[in-house]
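User: I am new to this structure and would be grateful for a close look at a single part of it, set in its context.

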Amino acid sequence: MLYTAENDPELGTWLRHNADSKSPFIRTLVEAAKLASPGEYTALQRALRRFRASDPEPDSSVHTLVTDAYKVVFNEQKELDHLDVAFTRFNASVFDNAFPETKIRYASSIVSQEEPGWPIGLFALPDDPVTYRAPSQFRLDVPHIFIAEKLSGVAPVDEWVLLHEMCHYKVPNHGPDFIAQVKQALDATGWRTLIGSF
Ligand SMILES: [Zn+2]
């Protein structure tokens, strides 16, 4: 479904919050978004998400998660999509339905100490080490798999990243055991993940 600035469930609150922003640039952007047709607005959403991620509205569903190993900016709000379906499928065919309850969320930014560059996925656990913890710091309730927002709807790569991150439940690093786990997962899914369903 195509939204406009008036009825966008994801960005509407942020737009209203910034209608009188101190920044003339943001103010103008919000005004333009309000004038946009549904098609134009859809094209704008990606840029709006970026600005929202760097300056979310109060009580926003956009969270910043910081641990010793990584920093992720992600949107807690997500409609059920095909990745949730894929998760259930992989859980059954690869993990004998033993995977713990895990939320799949899109991240506008993932920075990892262990992986230089910009990772496109991350498997995060509630008890991942945090040495310096601020009192109001955001914490996870259950395991999360973060997928780079730019991969949203990019099949089959999004499912491939999801499966890769699910394999980290068994093997945290990228050593030979991990490759064996990925191979086993691909065997169990008939390698369809790599080439897409047909
Ligand atoms: Zn990995």
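How many helices and strands are there in the protein? Please then examine the crossing of H4 and H5 and the loops that adjoin these helices.

Analyst: This is a predicted model, in which local features need pLDDT of at least 70 and side-chain atom pairs count only at pLDDT 80 or more, whereas totals for chains, interfaces and linings use all residues. Residues are numbered from 1 along each chain as its sequence is written.

The protein has 7 helices and 5 strands; helices (H or I, at least four residues) and strands (E, at least two) are DSSP runs, numbered from the N terminus. Their order from the N terminus is α-α-α-β-β-α-β-β-β-α-α-α. Along the principal axes, the C-alpha atoms fill a box of roughly 55 × 45 × 30 Å.

Helix H4 covers residues 82-95 and helix H5 residues 157-167; their axes come within 10 Å and cross at roughly 45 degrees. Such axes are lines fitted to C-alpha atoms, for helices over the stretch in contact, with angles running from 0 to 180 degrees between N-to-C directions. H4 and H5 are therefore oblique to each other, since angles under 35 degrees count as roughly parallel, over 145 as roughly antiparallel, 65 to 115 as roughly perpendicular and the rest as oblique. The crossing is right-handed, meaning that the near helix is turned clockwise from the far one by less than a right angle. On the H4 side, the contact is made by Leu83, Ala86, Phe87 and Phe90, and on the H5 side by Asp158, Glu159, Leu162, Leu163 and Met166. Two residues are in contact if their C-beta atoms, placed from the backbone, lie within 7 Å.

The adjoining loops hold some backbone features of note. Most residues other than glycine have a negative phi, and most peptide bonds are trans. Proline 156 lies in the loop between strand E5 (144-148) and H5, and the peptide bond leading to it from alanine 155 is cis, with omega near 0 degrees.

The loop between H4 and strand E3 (103-112) contains aspartate 96, whose phi is positive, near 50 degrees. Asparagine 97 lies in the loop between H4 and E3 as well, and its phi is also positive, near 60 degrees. Aspartate 96 is exposed, having 9 other C-beta atoms within 10 Å; a residue is exposed with 12 or fewer such atoms, buried with 20 or more, and partly exposed in between, the C-beta atoms being placed from the backbone. Asparagine 97 also counts as exposed, because it has 9 C-beta neighbours inside 10 Å.
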